Amino acid sequence: MRLLVVEDEPALLKSIAMRLNEEGYSIDTAEDGEEAQDFIETAEYDCIILDIMLPAIDGLTILKRLRNNRVNTPVLILTAMDAIDDRVKGLDLGADDYLAKPFSFDELLARIRALLRRQVETRETVVTIADLALDTISHTVIRDGKNIELTAKEYSILEYMLKNKGRLLTRSQIADHVWNYDFDGNSNIVDVYIRYLRKKIDDNFDNKLIHTVRGSGYILQDKEES
Ligand code: CA
């Protein structure tokens, strides 16, 4: 899952980004409205955390442009404690949720999870394929009753593939959702991580779930399903 965090207070931006990184999200950060606009125009995000009071272009204007361009990415706005007006305007302009500052990181994380669930049109917190289950809250993965330890990136790839199961995903689609701008798109890092993931979730099982589509990408599919 790839998120954009827009916040002009450097310390707060840094701590939000750090915390989200720890949770396995891939994060781009912007410190003003113009920078945010550039990111939004060039990348596809799963969720945007948007401060309202920003230099250059304010958050409400960014939000308005986003919705005018028919971009439906979930947006969580950050407002000042007493800025009820901003919250009302933000929600009316198409924000999906808001948090008033100061907020707890646990609440921010829970609200992001809720927005991401809404986006894939499922309120289920556990996604499954065959005998594999991934819990999007505890970040645990179980196959055939056994717990599988994944790194944050491996988890992130598997979650993205599960939410798109049965669909061909190109290397660049996977990279876009799992890595941020620091990622070198030319490297074969996606293949490397798919190999790690296969070792953990497929190698010991007859029913392989990750399938390579030669020259195109990967597909997560239960081929034994009737
Ligand atoms: Ca601000």
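Which residues line the largest cavity? In this predicted model, the lining of the largest cavity is formed by Met1, Tyr25, Arg113, Leu116, Arg117, Thr136, His139, Tyr155, Glu159 and Lys163. When these residues are sorted by class, four are nonpolar, two are polar and four are charged, and the space that the largest cavity holds comes to about 80 Å³.

It helps to ask next which parts of the chain bring these residues together. Two helices, H5 (105–119) and H6, each supply at least two residues of the lining of the largest cavity. On the scale of domains, at least three residues of this lining come from domain 1 (2–121), and at least three come from domain 2 (126–220), so that a reader who wants to find the largest cavity in the picture can look for a place where residues of both domains take part in the lining.

A search of the whole structure for cavities of 30 Å³ or more finds two. The second largest cavity has a volume of about 30 Å³, and its lining consists of Met1, Glu23, Gly24, Tyr25, His139, Tyr155, Ser156 and Glu159. Here the classes divide into three nonpolar, three polar and two charged residues, and once again domain 1 (2–121) and domain 2 (126–220) each give at least three residues to the lining. Tyr155 can serve as a landmark for the reader, since Tyr155 appears in the lining of the largest cavity and also in that of the second largest cavity.

From the cavities we can move along helix H6, which covers residues 152–163 and lies across the strands E10, E11 and E12, running at about 70° to E12. These three strands make up an open sheet, in which the order is E10-E12-E11 and the pairing is antiparallel. In general, the strands of a sheet pair through backbone hydrogen bonds, and they may do so in a parallel or an antiparallel way. The edges of this sheet are strand E10 (169–170) and strand E11 (210–213), each of which pairs on one side only.

Looking more carefully at one pair, we find that strand E11 is joined by four bridges to strand E12 (residues 217–220), and that the two run antiparallel. One of the residues involved is Val213, whose bridge partner in E12 is Gly217. A further helix, H8 (residues 189–201), lies across E11 and E12, where H8 runs at about 145° to E11.

Methods: Residues numbered from 1 in each chain as written. Predicted model: local features only at pLDDT ≥ 70, side-chain atom pairs only at ≥ 80, totals over all residues. Heavy atoms only, no water. Pairing = 2+ DSSP bridges. Contact = heavy atoms within 4.5 Å. Axes fitted to C-alpha atoms, helices over the stretch in contact; angles between N-to-C directions. 1 Å grid on protein atoms, 1.4 Å probe; cavity = no way out; pocket = protein on both sides within 12 Å on 5 of 7 lines; lining within 4 Å. Points joined across faces, edges and corners; volume = space filled by probe spheres on them. Nonpolar A, V, L, I, M, F, W, Y, C, P; charged D, E, K, R; others polar.
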